[in-house]
Amino acid sequence: MQLNEVLAILNKALRPDRQMNETLQRLRDVYYGMSLHTTGACPAFKDLAGGSIIYPQAYYGTEYQRLFDKHLLSRHPRESDATRNWRFSQYRPLTKAPFMQVSEIVTGAIFQDSNYTLDVHDNEDAQYIWGNHFSGYDLMGYFGGIGFKNMIEDPNGLFLRIPNKPAYEQTADKVEVDVWFVNTKDMVWCSNADLIFKRGEYAYWVDTQTIWRFSYRADKKEYYLAKQDVQGYYAHLLGRLPVSIAGGDWNTQGHYDSFFSKAKAAADDFISAYSAAQLVDKEASHPFIVEASTDCPDCKGLGQVQRDCESCPNGLELINCYSCHGTGQVSRNPGQHIIVPQDKLKDGSPIQIVNPDVSVNTHHRNVCAQVMRLITEALHLHKVDEAQSGVAKAIDQDRLYQFISKISNHVFDKLITDTLKDIIAYRHATSVNGQVHPAQYTVKIVKPIQFKIKTSADLLAEYGESTKAGMPVFIRQRMALDFVDKQYSGDALMQKKAQLITMLDPLSVLSTDELLQLRNANAITDAELQYSRKLPVQLDALIREKGEYWFLNVRVEEIGKITEDIK
């Protein structure tokens, strides 16, 4: 693609071909359909009294309004404008909560600091990656806080690695690289060789060698290449686009669906079902009054009475009855006393208060509850009932583990790995025979393998069962550490203490009965038993003497030498 073609596309002098437009629209539909739930988008509605359009705080544009209007809350054949606008006004984003809950669970499981290792041997690169250079986060914090949410909402969006300033403004020894998420709604063109998108007051064109930036001239409503950008924004020279597709579950129609897409159909259905339940509650659940028609005794049901009038031809005129105000019927105002014959107060009572059958309301509420359960089950949020068997609970936990593991593998194996490669390539360009080439070196990434989805009670029960079953000591040591990590997740001192005891004392996980059996069989000495009993106390004494900071940073070998005299 040539520069003049890009400008023509941006200024709509040249339209992308039909296939490109259809592809981008399909990708945007995926984004809008999922982000409606994750962002809590709400529809606008008309104030029938004043005629104005009310835009709620969570109104995010016409595309979401179209989804509500044509799909989620589409008009019933016999629905009036008043009822329809009332339904829009009563919408609340109830489906946002389960999506946010599972996001918190997944990001909390994946991005725990103790769950992964990232080793960058270049100190300057390491400081940059762990600095707040990526939208106010370090690199891992960016993917855990911003990148993950973008990936879930827009699986066909792109993570772009781009210098945070153009080449002519770069002053540091090494290029300062940022990570941008290019949303599908901002894309103008997207192929393997070219990416054109809009961001703020600029538009960008990324090809396999260079990044170009175009400014916007508001008075002429056109994009142009500013004087300072005629040589390009930055030449990355990677020979490919410095991007990674956000990713999700592959759809054979040629795009990605969100990792949370299994719950989308149920979430869409919940919006319709809950709106119907709201309408039924308002229309059919309140008691109503049935009144017998009783003629006013003063006007005999005519609504008018005669009154003397000197100026009238016959000396009389007709006026509205003072008793019934012209209605001709007896008033049922609760503040008034109505005198009726005794027989009217029995089966023939002139007033009856009717409480409607609410079985329809109950049915709608049950449907809503069932659909919400489908959402929580699809997102692995369904809480196992206490009466459910341990096997069923284990199956639920295994499914959640597989779900988190799938997302974790994608984030670490693809997104973070590719991002680190490009950051290093930008920051370590080399010249060979006068040609500039991006350099590479190996980065060590140990991705998470444990996600701590079990409760402390679950881990404790498993540890007890392993002791009863006589599992090998090294397995029980690992299980003990898992319990400490879960139970004392915010207590670094307790975790370090548990790690040291486990490494220095192989007897620490044995029960009293097991220790007695070993001692009676002369398999352990009194010194070893004494060391095992006194080691925790000795560690506490060291913490008091040397301080917590020293203890958290001391090597296990040094602790071993210090505590050797216990034996």
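Me: Is lysine 174 buried or exposed?
Reply: Heads-up first: this is a predicted model, numbered from 1 along each chain as its sequence is written, where local features need pLDDT of at least 70, side-chain atom pairs count only at pLDDT 80 or more, and totals for chains, interfaces and linings use all residues. Side-chain values use heavy atoms, with hydrogens and water left out. Buried means under 20% relative accessible area, exposed over 50%, and partly exposed in between (1.4 Å probe, protein chains only). With a relative accessible area of 16%, lysine 174 is buried.

Me: Which residue forms a salt bridge with lysine 174?
Reply: The rule wants a side-chain nitrogen of Lys or Arg within 4 Å of a carboxyl oxygen of Asp or Glu. The closest N and O atoms here are 3.6 Å apart, and the partner of lysine 174 is glutamate 124.

Me: How many residues apart in sequence are the parts that this pair ties together?
Reply: Glutamate 124 sits in helix H6 (residues 123-129), while lysine 174 is in the loop between strand S4 (158-163) and strand S5 (177-182). Helices (H or I, at least four residues) and strands (E, at least two) are DSSP runs numbered from the N terminus. The salt bridge therefore ties together parts whose separation in sequence is 50 residues.

Me: What is the relative accessible area of glutamate 124?
Reply: Its partner, lysine 174, is buried. Glutamate 124 counts as partly exposed, with a relative accessible area of 45%.

Me: Which strand holds glutamate 317, the partner of arginine 307?
Reply: The side chains of arginine 307 and glutamate 317 meet in a salt bridge, 2.5 Å from N to O. The two residues are 10 apart, with arginine 307 in strand S16 (residues 304-308) and glutamate 317 in strand S17.

Me: Which residues do salt bridges that share partners join into one network?
Reply: Overall, the count comes to 29 salt bridges. One of them joins glutamate 79 and arginine 84, with the closest N and O atoms 3.9 Å apart, and both of these residues are buried. The network that shared partners build is Asp69, Lys70, Glu79, Arg84 and Arg87.

Me: Which helix gives the most to the largest nonpolar core?
Reply: A nonpolar core is a set of buried Ala, Val, Leu, Ile, Met, Phe, Trp, Tyr and Cys residues joined through side-chain atoms within 4.5 Å. The largest one has 83 residues, and those with the most contacts inside it are Met151, Phe260 and Ile407. With 12 residues (helix span 390-427), the top contributor is H10.

Me: How many residues does the second, separate core have?
Reply: Its members include Tyr64, Leu67, Phe68 and Leu72. The size of this second core is 15 residues.

Me: At roughly what angle do the axes of H2 and H8 cross?
Reply: Axes are lines fitted to C-alpha atoms, for helices over the stretch in contact, and angles run from 0 to 180 degrees between N-to-C directions. Helix H2 covers residues 18-39 and helix H8 residues 264-284. Their axes come within 11 Å and cross at roughly 65°.

Me: Which residues in H8 do Gly33, Met34, Leu36 and His37 in H2 meet?
Reply: The H2 and H8 crossing is left-handed, meaning the near helix is turned anticlockwise from the far one by less than a right angle (clockwise would be right-handed). Contact means heavy atoms within 4.5 Å. The H8 residues met there are Lys264, Ala267, Asp268 and Ile271.

Me: How many nonpolar residues are in the contact of H13 with H15?
Reply: The axes of helix H13 (residues 492-504) and helix H15 (residues 526-546) come within 11 Å and cross at roughly 145°, and this crossing is right-handed. Leu493, Lys497, Leu500, Ile501 and Leu504 of H13 meet Tyr531, Leu535, Pro536, Leu539, Asp540 and Ile543 of H15. By class, there are no polar residues and 2 charged, and the nonpolar number is 9.

Me: What relative accessible area does cysteine 296 have?
Reply: Cysteine 296 lies in the loop between strand S15 (288-291) and S16. It touches residues including Cys321, Cys324 and Val330, not counting those up to four places away in sequence. Cysteine 296 is buried, and its relative accessible area is 3%.

How values were computed
Nonpolar A, V, L, I, M, F, W, Y, C, P; charged D, E, K, R; others polar.
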